[in-house]
Amino acid sequence: MKQYQKEINKRRTFGIISHPDAGKTTLTEKLLLFGGAIQEAGAVKSNKIKKGATSDFMEIERQRGISVATSVLAFEYRDIKINILDTPGHKDFAEDTFRTLTAVDSVIVVIDVAKGVEEQTEKLVEVCRMRNIPMIVFINKLDREGKDAFELLDEIEQKLNLTVTPLSFPIGMGYDFKGIYNIWEKNVNLFTGDPRKDIEETVEISDLNSEELDDLIGEKAADTLREELELAQGVYPEFDREAYLEGRLQPVFFGSALNNFGVRELLDCFISIAPPPRPKESDTRVVKPDEKEFTGFVFKIHANMDPKHRDRLAFIKIVSGKFERNKNYLHVRNNKNMKFSSPNAFFAEKKEVVDVSYPGDIVGLHDTGNFKIGDTLTEGENLMYKGIPSFSPEHFRYINNADPMKSKQLEKGVDQLMDEGVAQLFVLELNGRKIIGTVGALQFEVIQYRLEHEYGAKCTYENLNVHKATWVEPEDPKSEEFQDFKRVKAKFLAKDKSGQLVFLADSQFSLQMTQQKYPSIKFHFTSEF
Ligand code: GDP
């Protein structure tokens, strides 16, 4: 096999998604420990927004600092190069997570055994399901009292609309937690509750009916396990890798991240079943990772935290070919050639300049304002990657300039923050007033704070009654109906940053009425259709 093909095959790029507190940070940390990428627990900082002592936007600044370090955590395990992409769990940052999910080839979903399926899990899994992203479920905190395994599997199937098959099964739970039976490897892993232990003692059990099992976990627990496994076998489909890769079947593991229990099993299974970099659809064709010519796209932009260095880091997922330092690439949207003298690759806790990167890898490019989220880089081919839509925001406010001497700075700041994907800007057709739309209310504070501290500009907000922004697509832009719509709704029409027409409905009712009145016009809730 050619070296290049080998490099592609050994890469696994994935994200861990969960509702806050389910154990994503803890699990990430244990995975890094297995990879030898960090030496001790506590090295990975949580990207969570903590409520409490500091004000929310200060907390966000703190979190932003952390999220540079945790954007991509890469390590090698058993000759596989693993890239974990960080996904914020806080709902106000859900859009960041959605965008990151366009750059992963698979995901691990973490669920708390006591809380079961929670709100953020539902939303994020839905996005993965719609894109057929392969998912493995990890049920965490088995050292605590929680829901019954079958009940949980049921809940996952129903609430998340998945088809599950357990690849491990808990023996007891909470106080009585004895360990797990690994269906995938056919062995029993006994729980000692010692988190320092990083190599677990496992006992091969080739025959479940053997007395060895009774000796290990006691007769009663052994009988229960036999019954439960039989039941599970009857109820759940057998694991099928094709089905998993196509997003039709989701294997489930049980364990306790905090106790480093069941994590190695998860990781071993993950590297053997999870997909290497997958092909990606562009506006002209599907691009395969093993194609010779480089292509990639920007899924995240991170502004420098240091006010003296105004540059930003654009995160590129490499889809095909090799990305090389100092080589000329085409920035497709700007139709401009660019080369990069110090592309960064990411490791567990540090970044380094790299000469060559391969499909599946993420490189960080220093950017002075050329990139925005969704941009494509190629070796010359005129194609653009799809799939990073903007979603209709939830909150809307007018933004006003509070310092007339600084209007240039304000404009530049707003422009760049929008490129970063912090929020969306809409400009009213009628009078050119600017409206900021965000997913969470926190973002308004962030924008105000960052405009002042990074761009020296001041802004104020003014409330505005908008229920939803919808992207407008007329069947025929010249039709009488569309002209009438534009006339009647002139007050509610705006352009987004890329010049697309947007209808700002002031209530659910008025949106419905408008849809009914203009049946030939489509109203989309995302910018990509
Ligand atoms: P995240 O918000 O999903 O990143 O969750 P964290 O990894 O920060 O974990 C949230 C809390 O749950 C922390 O206090 C962890 O110590 C705790 N936790 C994580 N895994 C386990 C586990 O397996 N058992 C128990 N009892 N607690 C856990």
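## Terms and overall picture

A helix, as the word is used here, is a DSSP run of H or I that covers at least four residues, and helices are numbered from the N terminus. The model described in this report is a predicted one.

The chain contains 14 helices and 31 strands, and of its 529 residues, 43% count as buried. When one takes the contacts in the chain that have a separation of 6 or more, residues 24 or more positions apart account for 72% of them.

## The surroundings of the ligand

There are 19 residues around the ligand, and those that come nearest are Lys24, Thr25, Thr26, Ser256 and Leu258. Helix α2, which covers residues 24–34, supplies the largest share of this shell, namely three residues. Sorted by class, the shell around the ligand is made up of nine polar, six charged and four nonpolar residues.

## Strand β5 and its partners

Strand β5 runs over residues 135–140, and six of its six residues are buried. Met135, Val137 and Ile139 point one way from β5, while Ile136, Phe138 and Asn140 point the other way, and all of these residues are buried.

Two further strands pair with β5. One of them is β4 (residues 106–112), which pairs with β5 in the parallel sense over six bridges, and within this pairing Ile111 has Ile139 of β5 as its bridge partner. Between β4 and β5 the chain passes through helix α5 (residues 119–130), and the resulting β-α-β crossover is right-handed. The other partner is strand β11 (residues 250–254), which runs parallel to β5 and is joined to it by three bridges; here Phe138 stands opposite Phe253 of β11.

## An antiparallel sheet

Elsewhere in the description there is an open sheet of eight strands with antiparallel pairing, in which the order is β18-β17-β23-β14-β15-β22-β19-β20. Its edge strands are β18 (336–338) and β20 (351–353), each of which pairs on one side only. From one strand to the next, the twist averages 35°.

One pair within this order can be followed at the level of residues: strand β14 (residues 295–303) and strand β23 (residues 376–378) are paired in the antiparallel sense over three bridges, and Thr295 stands opposite Thr378 in β23.

How values were computed:
Residues are numbered from 1 along each chain as its sequence is written. This is a predicted model: local features need pLDDT of at least 70, side-chain atom pairs count only at pLDDT 80 or more; totals for chains, interfaces and linings use all residues. Helices (H or I, at least four residues) and strands (E, at least two) are DSSP runs, numbered from the N terminus. A residue is buried if 20 or more other C-beta atoms lie within 10 Å of its own, exposed if 12 or fewer, and partly exposed in between; C-beta atoms are placed from the backbone. Two residues are in contact if their C-beta atoms, placed from the backbone, lie within 7 Å. A residue is near a molecule or strand if its C-beta atom, placed from the backbone, lies within 6 Å of it. Ala, Val, Leu, Ile, Met, Phe, Trp, Tyr, Cys and Pro count as nonpolar, Asp, Glu, Lys and Arg as charged, and the others, Gly among them, as polar. Two strands pair if DSSP finds at least two bridges between them. Axes are lines fitted to C-alpha atoms, for helices over the stretch in contact, and angles run from 0 to 180 degrees between N-to-C directions. A crossover is right-handed if, with the strands pointing away from the viewer, the path from the first strand over the helix to the second runs clockwise.
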